[in-house]
Amino acid sequence: MENKTVLVTGGGRGIGKAIALAFAKEGYQVAINYNGSEAAAKETAALCEQEGVSAKIYRCNVADYAAVEAMMKEVADDFGSIDVLVNNSGITRDGLLLRMKEEDFDQVIDINLKGTFNCIRHVARIMMKQRHGSIVNMSSIVGIAGNIGQMNYSASKAGIIGLTKSAAKELASRNIRVNAIAPGFVETEMTKVLSEEAREAAMKVIALKRFASVEDIANLAVFLGSDKSSYITGQIIQVDGGMAM
Ligand code: NAP
């Protein structure tokens, strides 16, 4: 494979890091977006380079429309194309409905939902010019099933499903595919904060009786980014160990 480029938002750590590395292992040039974690992003870029590919880091808050536009242009200028975009950045600000602050709702929607829109919006022009592209969005099982204490987060992840399907319909004629991954519980910083009680409760409903590894998610991202999934678009694929069937 020659000089294909992937941009992974939030690619410095967690699931995004595993996704960046998995694409590097497949020979992609890797653009790693980060917001706060510069050291982690640098480390991930170095690990990608150890796979024999070019890697660069880009600081940008995905919630910032103009900054995302500038980042997309910079990545395309640096690498010559953006063949795959993985919209992985996301945050949680959990709380029960009656305790949820307005800013906790707004921030989660801004980064998770609007951030994903911003990236699709600005990569679309580049992918249209190239006449090809694959966009992989990160939804969540709670965007499908809902969750106590996560009204903001589940709304953002449900919104990403709408974005995915609409963008898939709108961009299909331009040879751009758009899909989403809906992970269940994944072993990352985000789930480290769960109490033992919450973990046990989760295990009860996970058919495979384990949380996903970050590689479980990354493997699907690589498949959806590649031509091996060339007839798949507009799909929300659950990677949840059989949690919600
Ligand atoms: P994580 O370890 O908390 O990492 C979050 C990532 O998002 C970081 O790389 C972070 O980058 C980036 N990010 C946060 N705010 C950003 C902003 N404003 N602009 C750009 N990047 C930003 O989370 P994770 O578990 O790897 O989750 C990755 C994705 O999977 C998220 O969309 C999450 O909702 C989804 N997901 C996770 C699970 C799970 O169980 N872990 C389950 C379902 C879905 P910086 O540190 O540089 O800011």
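Me: At what angle do helix α3 and α4 pack?
Reply: This is a predicted model. Helix α3 covers residues 65-79. Its axis and that of α4 lie 9 Å apart. The packing angle is about 40°.

Me: Is α3 roughly parallel or oblique to α4?
Reply: Helices α3 and α4 pack at about 40°. Angles under 35 degrees count as roughly parallel, and 65 to 115 as roughly perpendicular. An angle of about 40° therefore makes α3 oblique to α4.

Me: How many charged residues does the contact of α3 with α4 have?
Reply: From α3 come Y65, V68, E69, M72, K73 and A76. They meet F117, N118, C119, R121, H122, V123 and I126 in α4. By class, eight residues of this contact are nonpolar and two polar. The charged ones number three.

Me: Is α4 roughly parallel or oblique to α6?
Reply: Helix α4 spans residues 102-130 and helix α6 residues 151-171. Their axes are 8 Å apart, at an angle of about 15°. The cut-off for roughly parallel is under 35 degrees. So α4 and α6 are roughly parallel.

Me: How many nonpolar residues does the contact of α4 with α6 have?
Reply: On the α4 side, the residues include F105, V108, I109, L113 and F117. On the α6 side, they include M151, Y153, I160 and L163. Five residues of the contact are polar and two are charged. The nonpolar count is 15.

Me: What is the handedness of the crossing where α1 passes α9?
Reply: Helix α1 (residues 14-25) and helix α9 (residues 214-225) pack with axes 8 Å apart. Their angle is about 50°, so the two are oblique to each other. The crossing is right-handed.

Me: How many charged residues are in the contact of α1 with α9?
Reply: G14, I15, A18, I19, A22 and F23 of α1 take part. Their partners in α9 are V214, E215, I217, A218, A221, V222 and G225. Ten residues of this contact are nonpolar and two are polar. The charged class holds one.

Me: Which residues come nearest to the ligand?
Reply: There are 30 residues around the ligand. Those that come nearest are R13, S37, N88, Y153 and T188.

Me: How far is an N or O atom in the side chain of Y153 from an oxygen atom of the ligand?
Reply: Y153 is one of the α6 residues that meet α4. Y153 is also among the residues nearest the ligand. Its side-chain N or O atom is separated from a ligand oxygen by 2.5 Å.

Me: Which residue has a backbone N or O atom 2.8 Å from an oxygen atom of the ligand?
Reply: T188 places a polar side-chain atom 2.8 Å from a ligand oxygen. That contact uses the side chain. The backbone contact at 2.8 Å belongs to N35.

Technical notes:
Residues are numbered from 1 along each chain as its sequence is written. This is a predicted model: local features need pLDDT of at least 70, side-chain atom pairs count only at pLDDT 80 or more; totals for chains, interfaces and linings use all residues. Side-chain values use heavy atoms; hydrogens and water are left out. Axes are lines fitted to C-alpha atoms, for helices over the stretch in contact, and angles run from 0 to 180 degrees between N-to-C directions. Helices (H or I, at least four residues) and strands (E, at least two) are DSSP runs, numbered from the N terminus. Angles under 35 degrees count as roughly parallel, over 145 as roughly antiparallel, 65 to 115 as roughly perpendicular and the rest as oblique. A crossing is left-handed if the near helix is turned anticlockwise from the far one by less than a right angle, and right-handed if clockwise. Contact means heavy atoms within 4.5 Å. Ala, Val, Leu, Ile, Met, Phe, Trp, Tyr, Cys and Pro count as nonpolar, Asp, Glu, Lys and Arg as charged, and the others, Gly among them, as polar. A residue is near a molecule or strand if one of its heavy atoms lies within 4 Å of it. A polar contact is a pair of N or O atoms within 3.5 Å; within protein, one must be able to donate a hydrogen and the other to accept it, and residues adjacent in sequence count only if both atoms are side-chain atoms.
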